[in-house]
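Reader: I would like to learn how to read a structure at my desk. Could you take me through it one feature at a time?

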Amino acid sequence: MAARTPSYSAPMIASGSRVIVVVSDGQSPTPPTAFVNVPDVVGMKQGDALAALQGVGSSAQVFNDYSDTVRRGMVMGQLPPTSAGMPGGTEALLLVSSGPAAGETAVVMLP
């Protein structure tokens, strides 16, 4: 019997790229008092994105990664996604461009 191959294709990323794995802490022991809509901050400058999140009562954890297509200092990804409801005061995650890598990178399969 021939081995089955997966019916999906694994994502390809540049070697050395940052991979962020978000793991839930589970349900909060105290229910949130209010929910806010997450603003769309992708494409904004980091400072403007942080101000937008602070405007809805949230903070953010910032991670940087290289990008050949997104200018240095610009937000290229966010969690939770735009317009998702999240408890007020919840910390969002922003992926901010460091600009192009200094050297050439190879493309590898993300496990």
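Author: Happily! Let us begin with the pocket: β3 (59-65), β5 (85-87) and β6 each give at least two residues to the lining of the largest pocket. Keep in mind that this is a predicted model.

Reader: Which strand supplies the largest share of that lining?

Author: That is β6, with three residues.

Reader: What is the volume of the largest pocket, and which residues are closest to its centre?

Author: Its volume is about 580 Å³. The lining has 22 residues, and those closest to the centre are Val22, Ser24, Asp25, Thr90 and Glu91.

Reader: Now a single residue, please. Is aspartate 65 buried or exposed?

Author: The general idea is a cut-off: a residue is called buried when its relative accessible area is under 20%, and exposed when it is over 50%. Aspartate 65 has 11% relative accessibility, so it counts as buried. You will find aspartate 65 in strand β3.

Reader: Which residues does aspartate 65 contact, apart from its neighbours within four places in sequence?

Author: Its contacts are Ser17, Arg18, Met76, Leu95, Val96, Ser97, Ser98 and Gly99.

Reader: And what about threonine 105: where does it lie?

Author: Threonine 105 sits in the loop between β6 (91-97) and β7. The label for values between the two cut-offs is partly exposed. Threonine 105 has 41% relative accessibility, which means that it is partly exposed. With neighbours within four places in sequence set aside, threonine 105 is in contact with Ala14 and Ser15.

Reader: How should I read a distance along the chain beside a distance in space?

Author: Take two pairs, with both distances given for each. Threonine 105 and valine 56 are 49 residues apart along the chain, and their C-alpha atoms are separated by 38 Å. Methionine 109 and aspartate 68 are 41 residues apart in sequence, with 18 Å between their C-alpha atoms.

Reader: Let us finish on the surface. Which residues make the nonpolar patch?

Author: Met12, Val107 and Met109 make a nonpolar surface patch of about 330 Å². Valine 107 belongs to strand β7 (residues 107-109), and methionine 109 is found in strand β7 too.

Reader: Why do valine 107 and methionine 109 count as exposed?

Author: Go back to the cut-off of over 50% for exposed residues. Valine 107 has a relative accessible area of 57%, so it is exposed. Methionine 109 is at 56% relative accessibility, and therefore counts as exposed.

Key. Residues numbered from 1 in each chain as written. Predicted model: local features only at pLDDT ≥ 70, side-chain atom pairs only at ≥ 80, totals over all residues. Heavy atoms only, no water. Patch = residues over 30% accessible without salt bridge, like charges linked within 9 Å, V, L, I, M, F, W, Y side chains within 5 Å. Areas by Shrake-Rupley, 256 points an atom, 1.4 Å probe, with all protein chains shown as cover. Salt bridge = Lys/Arg side-chain N within 4 Å of Asp/Glu carboxyl O. Helix = DSSP H or I, 4+ residues; strand = E, 2+ residues; numbered from the N terminus. Buried < 20%, exposed > 50% of the residue type's maximum accessible area, 1.4 Å probe, protein only. Contact = heavy atoms within 4.5 Å. 1 Å grid on protein atoms, 1.4 Å probe; cavity = no way out; pocket = protein on both sides within 12 Å on 5 of 7 lines; lining within 4 Å. Points joined across faces, edges and corners; volume = space filled by probe spheres on them.
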